[in-house]
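Biologist: Please take me through the model shown below, one question at a time, and state the cut-off behind each term when it comes up.

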Amino acid sequence: MAPARRTRYLNEMTDTVSAPRPPRTRKPDWIRVKAPTSAGFAETRALMRRLNLATVCEEAACPNIGECWTKKHATVMILGDTCTRACAFCNVKTGMPRAVDPLEPEHVAVAAAELGLEHIVITSVDRDDLPDGGAHQFVKVIEALRRTTPATTIEILTPDFRNKAQSAVEAIVTARPDVYNHNLETVPRLYPTIRPGARYYASLRLLESVKRHDPSIFTKSGVMLGLGEERMEVHQVMDDMRSADIDFLTMGQYLQPTPRHAKVADFVTPAAFNAYAAIARAKGFLLVAASPLTRSSYHAGDDFAALRAARAAKLGRG
């Protein structure tokens, strides 16, 4: 290599090595959690593996898994661990799912019994490949729980059952879960990039139809903040939810699971979450849970008790 060219090459290499790397986005103190190490955590994980059950706690990389599993609270994810969609916020793997496990409902009931759950949350992947979207597996799980642990209250977090919502909701509502949850996830403007396989107003209509079929079932929905939404857009989502008679709103901070997922646009402060919660309560929700670490099933049992108390108080005032 000629001396001048070699010198230029060495200079370029030196510049490359010494050039400062862009700083990594650090999570603020209020969003950090300790790694799970407790005996309860290990026992919960062992039970899930023995019964061949997936959990959204693991698959979605929930930051609260250490706290919840230590208390032996786990959110079971039925219909397998592979989703037919690829939402930009979700860490659940995408692909062609396996056949539905006929033993899954009984395994969920056994898990609830062994964990001693007073309240259980059941969710699922999207199963657009199934004629019913997986609705009847929800029904079978609810029925198995009623047989095995009749005192356990049941909360379900379903997908939108795209193009099958009416029949799916009818079947599931007939099985009478105590809480029907379906998350809107974000504001309508961000759906094309964040939740491209879903439709905002279809999700609203699904929740509205639950109330139409059985007004006694609590309805619940959640949104993630920090994806680039505007404050007034969030307020509008609250109004839309109240128009659909949704009882319970959850709001939490979006966290980027991997570099290929949507980036965090903003870490919303605890004070901002408190302000959103105050506005939501003023709009008439029976219950609001809003904090950076809030997730759909976080403290779900305590929240269900508060939800029932809030309804009783409201009816008492009436």
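Modeller: The expected span of a helix is 1.5 Å times one less than its number of residues, where helices (H or I, at least four residues) and strands (E, at least two) are DSSP runs numbered from the N terminus. The model is predicted, with local features needing pLDDT of at least 70 and side-chain atom pairs counting only at pLDDT 80 or more, while totals for chains, interfaces and linings use all residues. Residues are numbered from 1 along each chain as its sequence is written, and side-chain values use heavy atoms, leaving out hydrogens and water.

Biologist: How far apart are the end C-alpha atoms of helix α10, and what span should its residues give?

Modeller: Helix α10 covers residues 231-243, and its 13 residues should therefore span 18 Å at 1.5 Å a residue. The computed separation of the end C-alpha atoms agrees with that expectation, being 19 Å.

Biologist: Which elements do the buried residues of α10 pack against?

Modeller: Buried means under 20% relative accessible area, with exposed over 50% and partly exposed in between (1.4 Å probe, protein chains only). In α10 this applies to Glu233, Val234, His235, Val237, Met238, Asp240 and Met241, and just after the helix Asp245 takes a positive phi of about 65°. Taking a contact as heavy atoms within 4.5 Å, the buried residues of α10 pack against α9 (200-213), β8 (218-225), β9 (248-253) and α11 (270-282).

Biologist: Which strands are the edge strands of the open sheet?

Modeller: Two strands pair if DSSP finds at least two bridges between them, and eight strands form an open sheet of mixed pairing in the order β1-β2-β5-β6-β7-β8-β9-β10. Within this sheet, three bridges join the parallel strands β6 (residues 153-157) and β7 (residues 179-181), and Glu155 stands opposite Val179 in β7. The strands that pair on one side only, and hence form the edges by definition, are β1 (54-55) and β10 (287-290).

Biologist: Which helix gives the most to the largest nonpolar core?

Modeller: A nonpolar core is a set of buried Ala, Val, Leu, Ile, Met, Phe, Trp, Tyr and Cys residues joined through side-chain atoms within 4.5 Å. The largest has 74 residues, of which Val108, Ile122, Leu145, Ile172, Tyr180 and Met251 touch the most other members. Seven of the core's residues come from the helix that gives the most, residues 135-148, which is α6.

Biologist: Which residues does Ile122 touch, not counting residues up to four places away in sequence?

Modeller: The contacts of Ile122 beyond that sequence limit include Glu155 as well as Ile156 and Leu157. The full list is Val76, Ile78, Val108, Phe138, Val141, Leu145, Glu155, Ile156 and Leu157.

Biologist: Why does Tyr298 count as buried, and how far is its C-alpha atom from that of Ile65?

Modeller: Tyr298 lies in the loop between β10 and α12 (300-317), and it counts as buried because its relative accessibility is 15%. Although Tyr298 and Ile65 are 233 residues apart along the chain, their C-alpha atoms are separated by 9.3 Å.

Biologist: How many disulfides does the count come to?

Modeller: A disulfide is a pair of cysteine sulfur atoms within 2.5 Å. The sulfur of Cys83 is 6.4 Å from the closest cysteine sulfur, in Cys90, which is too far for a bond. Cys87 is likewise in no disulfide, with the nearest cysteine sulfur, that of Cys90, 6.4 Å away. By this rule the number of disulfides is zero.
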